[in-house]
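Got the viewer open? Here is a short tour, with something to select at each stop.

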Amino acid sequence: MNRFEVITPADLASASQLLAQDGHVAFAGGVDVVDLSKQGIASPTALVNLKGLKELGGIEVRPSGELRLGATAKLSEVAEHPAIRARFTAIAEAAGETATAQIRNLGTVGGNLLQRPRCWYFRNPDVNCLKKGGDTCYAISGLNRYHAILGGGPAFIVHPSNLAPALIAMRASATIVGPGGERTVELEKFFTLPAVDPKRENSLKSGEIITEVIVPASPSSVRSHYLEAREKQSFDWPLVSVAIAIDRAPGAKTVRDARVVMGAVAPVPWRSPEAEAALKGGPLDESRARAAAEAALKNAQPMSDNAYKVVIAKVIVRRAIMSAAGLEAA
């Protein structure tokens with residue numbers, strides 16, 4: 001690692017100005033920044049410490065029912081918050097599945113959304129892959145067991161965030177502050193595919209900072225669930241994850257609205273309008289959940305060594321739908 005300094009800005013405007021300078025990197029929980037620096041992928045000359053900026057912290061469920069997550073709110077705080085567990089269940093579940101308890105006590109909402117891919121070619125300091133400015137995605141002809149089955153190309157990384165699919169399923173947006181002022185973006189549109197720019201995963205610009213994530217109030221009839229499959233039950237990144245939000249009419253139990261968002265299957269959190277369409281308009285049962293799972297993966301294009309992900313994803317989507325609806329899955 002190269003030598004660097006740590007700068008603690010007095011306010012958000014100063015932090016933005018500092019982060020617009022070359023070599024300056026944001027620092028809050030520091031989990032991914034430390035990894036990237038050790039691996040030679042990031043070489044910061046200065047870490048801009050955001051932890052002391054009060055406007056970035058906190059969790060608030062407002063009288064309107066809207067949820068505010070400060071960018072530096074800890075994942076453990078999100079997972080354990082009683083109101084989030086009760087009213088935004090998938091978000092609490094996703095935060096609680098992230099990494100280990102120690103990392104959840106350090107990791108932040110913003111950091112989880114902005115972490116870089118875990119692709120072993122990208123993380124290898126001796127490999128100049130497409131995401132690092134090279135001309136080849138080595139996963140195409142190499143080891144691709146954990147790579148994308150949807151939305152890949154020209155790079156085939158998968159987005160590593162546990163929290164992002166759940167937030168997108170709950171229609172969250174991010175507030176971003178930078179040299180150009182403040183802007184709000186739907187979280188679903190914040191992440192970018194490699195086809196747009198293989199070297200980046202989101203639309204954050206130089207000097208910009210995510211200050212908060214806003215989740216709109218949901219009707220009391222909405223139920224949500226987050227589920228993931230891992231190779232081991234101890235600390236591991238998911239092979240496949242899915243977040244479900246379902247709104248069913250009282251009495252008839254007809255599905256009025258649904259959101260199905262998968263993680264670890266594509267370079268961005270992958271929302272499936274096809275699965276949502278398969279769920280809407282009728283009562284929810286095992287056959288409808290199974291049809292939605294098939295629809296979610298109908299466009300999958302597995303690589304040479306990851307077709308197993310398609311099978312797992314179908315099962316995980318079906319089970320998550322059933323669980324969100326309070327039904328028992330086979």
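Start with Pro63: is this residue buried or exposed? Keep in mind as you look that this is a predicted model. Select Pro63 and show its surface: the residue is exposed, with a relative accessible area of 90%. You'll find Pro63 in the loop between E4 and E5. Now add Val315 to the selection, which sits 252 residues from Pro63 along the chain. The C-alpha atoms of Pro63 and Val315 are separated by 38 Å.

**The sheet**

From that loop, move on to the strands. There are 5 of them in an open sheet, and reading across you get E4-E5-E8-E6-E7, with antiparallel pairing. In general, strands of a sheet pair through backbone hydrogen bonds.

Select 59-61 for strand E4 and 181-186 for strand E7. These two stand at the edges, each with a single partner strand, so one side of each has no neighbour in the sheet. On average, neighbouring strands here are turned by 20° against each other, direction ignored.

Next, pick residues 67-70, strand E5, together with residues 209-215, strand E8. The two run antiparallel and are joined by 4 bridges. To see one pairing up close, click Arg68, then look for its bridge partner in E8, Ile214.

Now bring in helix H1, residues 12-19. This helix packs on the sheet, where it touches E8 and strand E6 (173-178). Look along both directions and you'll see that H1 makes about 120° with E8.

**The second largest pocket**

Which residues come closest to the centre of the second largest pocket? Select Arg118, Tyr146, Val158, Trp237 and Pro238 to find out. They belong to a lining of 17 residues, and the pocket holds about 360 Å³ of space. Colour the lining by class and you should get 11 nonpolar, 2 polar and 4 charged residues.

**The cavity**

Last stop: how many cavities of 30 Å³ or more does the structure hold? The count is 1. About 60 Å³ of space lies in this largest cavity.

To see what surrounds the space, select the lining in three handfuls:

- Cys119, Tyr121, Phe122 and Cys129 are among the lining residues.
- Leu130, Lys131, Thr136 and Cys137 also line the cavity.
- Tyr138, His147, Ala155 and Ile157 are in the lining too.

Colour this lining by class as well: it has 9 nonpolar, 2 polar and 1 charged residues.

Note on methods
Residues numbered from 1 in each chain as written. Predicted model: local features only at pLDDT ≥ 70, side-chain atom pairs only at ≥ 80, totals over all residues. Heavy atoms only, no water. 1 Å grid on protein atoms, 1.4 Å probe; cavity = no way out; pocket = protein on both sides within 12 Å on 5 of 7 lines; lining within 4 Å. Points joined across faces, edges and corners; volume = space filled by probe spheres on them. Nonpolar A, V, L, I, M, F, W, Y, C, P; charged D, E, K, R; others polar. Pairing = 2+ DSSP bridges. Axes fitted to C-alpha atoms, helices over the stretch in contact; angles between N-to-C directions. Contact = heavy atoms within 4.5 Å. Buried < 20%, exposed > 50% of the residue type's maximum accessible area, 1.4 Å probe, protein only.
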